[in-house]
Amino acid sequence: MRDKFFITGANGQLGRDLIHELTSRNFECVASDIGENYSGYEPCEYVKLDITDYEEVFAAMKKFSPSRIIHCAAWTAVDAAEDDENRNKVYAVNVVGTENIAKVCAEINSIMTYISTDYIFDGKGSRAWEPDDESFAPLNFYGQTKLEGELAVKKYLKKFFIVRIAWVFGANGNNFVKTMLKISQSHDTIRVVNDQIGTPTYTPDLAKLLADINMTEKFGIYHATNEGGYISWYDFAVEIFKQANINVNVIPVSTLEYGLSKAKRPFNSRLDKTKLKASGFELLPDWRDALRRYLLQNGTN
């Protein structure tokens, strides 16, 4: 009997690519999000769902009886999460919502995949964070709520996947690539920080990996970003403009020189993916190749 998937956050940057990947493999998918309608590409059963309401989550899961639930829904506006008027909502979505899904997964014996982030770490040092590191000290409220989401998954479930990602970009939603391309339309000089280090994650490539790991029972915590080494946001920006054939002067600056944002960002977002490879999973392609495919898909080069 083939698995049936339930995807939260189906209208988001990752959710839409994930449903595309799963349906292309002929898996039955149920899409869910807070909005009235599904905005994805494939015909798909859709349910409007408020994940912060336990009874609503339980009713939806009982109705569709999925064997695997991939939880993509989250509050991801990092700076806005710092505002006092948003904190209760951020906590409700990222912590209470995740806890509700984990509880229901335990009730109906479904396997849960939780999408987490590099922001759960304090960003100190230069060593790449390993999946089993527990040096948790989030620098901002978003990171704290995502960490508490992880703890909820581990509290209620024995069989789960936690996949930490960083620097996400894809066709749907806002991301760094879109921001750089938009700014370049009105500026010929752009300042970009060069002391925050990590690796981008392209959502179609991540979607393939999430589908792959859900074909197995190799449960646990994994790190997943594209290959190609660790870079700065400045390095990423330079490559974006190079591939897009846009003549822009990119100036490297420190985080301090750039100016503080509402939410502190980690300087070290290096994620070690050795465990992913050791478990037999195919690593994501080079981030430069991912960027090339993104720009082609979106008609930029």
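A residue counts as buried when its relative accessible area is under 20%, as exposed when that area is over 50%, and as partly exposed in between. The exercises below use this cut-off on a predicted model.

**Exercise 1. Which residues of helix H3 are buried, and how does the span of H3 agree with its 25 residues?**

Step 1. Applying the cut-off along H3 gives Asn 86, Val 90, Val 93, Asn 94, Val 95, Gly 97, Thr 98, Asn 100, Ile 101, Ala 102, Val 104 and Cys 105 as its buried residues.

Step 2. Helix H3 covers residues 84-108, and at 1.5 Å a residue it should span 36 Å. Its end C-alpha atoms lie 36 Å apart, so the two values agree.

Step 3. The helix also has a kink of about 35 degrees, which is centred on Ala 92.

Step 4. One of the buried residues, Gly 97, is 43 residues away in sequence from Tyr 54, although their C-alpha atoms are 7.8 Å apart in space. Tyr 54 belongs to helix H2, and because its relative accessibility is 26%, Tyr 54 counts as partly exposed.

**Exercise 2. Explain why Cys 105 is not bonded to the closest cysteine sulfur, and find the pocket that Cys 105 lines.**

Step 1. A disulfide is a covalent bond between the sulfur atoms of two cysteines. The cut-off needed here is a sulfur pair within 2.5 Å.

Step 2. By this rule the model has zero disulfides. Cys 44, for instance, is in none, since the nearest cysteine sulfur, which belongs to Cys 29, is 5.5 Å away.

Step 3. For Cys 105 the closest cysteine sulfur is that of Cys 72, and because the distance is 13 Å, it is too far for a bond. With a relative accessibility of 1%, Cys 105 counts as buried.

Step 4. Cys 105 is among the residues that line the second largest pocket, together with others including Ser 67, Asn 109 and Lys 158. This pocket has a volume of about 180 Å³, and its lining consists of four nonpolar, three polar and two charged residues.

**Exercise 3. Where are Ser 65 and Asn 245 found, and what is the sign of phi at Ser 65 and at Asn 245?**

Step 1. Most residues other than glycine have a negative phi.

Step 2. Ser 65, which is not a glycine, has a positive phi of about 45 degrees, and Ser 65 sits in the loop between helix H2 and strand S4.

Step 3. Asn 245, also not a glycine, has a positive phi of about 55 degrees, and its place is the loop between helix H7 and strand S14. Because its relative accessibility is 68%, Asn 245 counts as exposed.

Key:
Residues numbered from 1 in each chain as written. Predicted model: local features only at pLDDT ≥ 70, side-chain atom pairs only at ≥ 80, totals over all residues. Heavy atoms only, no water. Buried < 20%, exposed > 50% of the residue type's maximum accessible area, 1.4 Å probe, protein only. 1 Å grid on protein atoms, 1.4 Å probe; cavity = no way out; pocket = protein on both sides within 12 Å on 5 of 7 lines; lining within 4 Å. Points joined across faces, edges and corners; volume = space filled by probe spheres on them. Nonpolar A, V, L, I, M, F, W, Y, C, P; charged D, E, K, R; others polar. Helix = DSSP H or I, 4+ residues; strand = E, 2+ residues; numbered from the N terminus. Expected span 1.5 Å × (residues − 1). Bend = angle between axes of the 7 residues up to and from the residue.
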